[in-house]
Amino acid sequence: MEGKSSTTLVATAIALVMLVLMPEASHAERFVVGDAARWTWGYNYTDWVIKKGPFFQNDSLVFMYDPPNATVHAHSVYMMRNAADYQSCNLKAAKLVANVMQGAGSGYEFVLKKRKPHYFVCGERGGIHCTMGQMKFIVKPKSSACRDD
Ligand SMILES: [Cu+2]
């Protein structure tokens with residue numbers, strides 16, 4: 001008898017947790033970085049962030065770019081460790097997020113799980129895509145509790 005009531009309790013607890021979590025999960029948005037331009041040389045992603053934001057925790061960013069071929073530049077996605085590295089496009093301590101192949105097809109999806117500044121850059125050509133190609137942007141997700149839609 002005791003086992004059965006604790007099972008019921010667990011089931012009730014799970015149901016309650018799902019009730020609390022599900023509306024939030026269903027509100028998370030998915031953004032294709034750069035929209036129709038996708039992840040490419042010369043597009044102003046800083047403007048794109050201003051236009052699309054604010055971003056919230058659990059929203060996702062989808063990076064879409066073709067794998068390297070004879071006519072297309074290779075791109076990638078790196079995360080810079082801090083603002084200084086981001087400003088100078090210094091890739092030495094950067095963390096690889098998606099390699100040159102991972103933007104193909106439906107793209108590479110990055111879920112914004114943490115409420116911290118995310119410094120995204122393209123790491124190709126020793127940082128030239130970051131410095132000259134404007135392939136860089138910062139996203140700092142707000143708490144999902146702040147979402148008012
Ligand atoms: Cu690039």
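This report walks through the two sheets, the nonpolar core and a few backbone details of a predicted model.

**The four-stranded sheet**

Let's begin with the sheet whose strands follow the order β4-β3-β6-β7. This sheet is open, and its four strands pair in the antiparallel sense. β4 (95-98) and β7 sit at the edges with a single partner strand each, so one side of each has no neighbour in the sheet. From one strand to the next, the twist averages 30 degrees.

Inside this sheet, β3 has pairings that can be followed residue by residue. Three bridges link β3 to β6, and the two run antiparallel. Within that pairing, M79 has F120 of β6 as its bridge partner, and Y78 stands opposite V121, also in β6. β3 also pairs with β4, again antiparallel and over three bridges. Here V77 stands opposite A98 in β4.

**The three-stranded sheet**

The other sheet to look at is open too, with three strands in the order β1-β2-β5 and mixed pairing. Its edge strands are β1 (30-32) and β5, each of which pairs on one side only. The twist in this sheet averages 25 degrees from one strand to the next.

Where does the mixed character of the pairing come from? β1 and β2 run parallel and are joined by three bridges, whereas β2 and β5 pair in the antiparallel sense over four bridges. On the parallel side, F31 stands opposite L61 in β2. On the antiparallel side, F63 has Y108 in β5 as its bridge partner.

As a general reminder, strands of a sheet pair through backbone hydrogen bonds, either parallel or antiparallel.

The strand pairings described above can be set side by side:

| Strands | Sense | Bridges |
|---|---|---|
| β3 and β6 | antiparallel | three bridges |
| β3 and β4 | antiparallel | three bridges |
| β1 and β2 | parallel | three bridges |
| β2 and β5 | antiparallel | four bridges |

**The nonpolar core**

Which residues touch the most other members of the largest nonpolar core? They are F63, V77, M80 and V121, in a core of 25 residues. Strands that each supply at least two residues of this core are β2 (60-63), β3 (77-80), β5 (108-111), β6 (118-121) and β7 (136-139).

V77 is a good place to zoom in. Apart from its neighbours within four places in sequence, V77 is in contact with F63, V97, A98, Y108, F120 and C122. One of these contacts, A98, is the residue that V77 stands opposite in β4. Two others, F63 and Y108, are bridge partners of each other, with Y108 in β5.

The side chains along β5 alternate. Y108 and F110 point to one face and are buried, while E109 and V111 point to the other face and are not buried.

**Loops and backbone details**

Just as interesting for a modeller are some individual loop residues. G107 lies in the loop between β4 and β5. Is G107 buried or partly exposed? G107 has 18 other C-beta atoms within 10 Å, so it counts as partly exposed. Leaving aside neighbours within four places in sequence, G107 is in contact with V62, F63 and M64. G107 and V33 are 74 residues apart in sequence, with their C-alpha atoms 10.0 Å apart in space.

Next comes a peptide bond worth checking in any setup. G53 and P54 are joined by a cis peptide bond, with omega about 0 degrees. P54 is located in the loop between α2 (45-52) and β2.

Finally, consider two residues with positive phi values. R38, which is not a glycine, has a phi of about 60 degrees. R38 is found in the loop between β1 and α2, and R38 is partly exposed because 17 C-beta neighbours lie inside 10 Å. C89, also a residue other than glycine, has a positive phi near 55 degrees. C89 has its place in the loop between α3 (83-88) and β4. With 22 other C-beta atoms within 10 Å, C89 is buried.

Definitions and conventions: Residues are numbered from 1 along each chain as its sequence is written. This is a predicted model: local features need pLDDT of at least 70, side-chain atom pairs count only at pLDDT 80 or more; totals for chains, interfaces and linings use all residues. A nonpolar core is a set of buried Ala, Val, Leu, Ile, Met, Phe, Trp, Tyr and Cys residues joined through C-beta atoms within 7 Å. A residue is buried if 20 or more other C-beta atoms lie within 10 Å of its own, exposed if 12 or fewer, and partly exposed in between; C-beta atoms are placed from the backbone. Two residues are in contact if their C-beta atoms, placed from the backbone, lie within 7 Å. Two strands pair if DSSP finds at least two bridges between them. Axes are lines fitted to C-alpha atoms, for helices over the stretch in contact, and angles run from 0 to 180 degrees between N-to-C directions.
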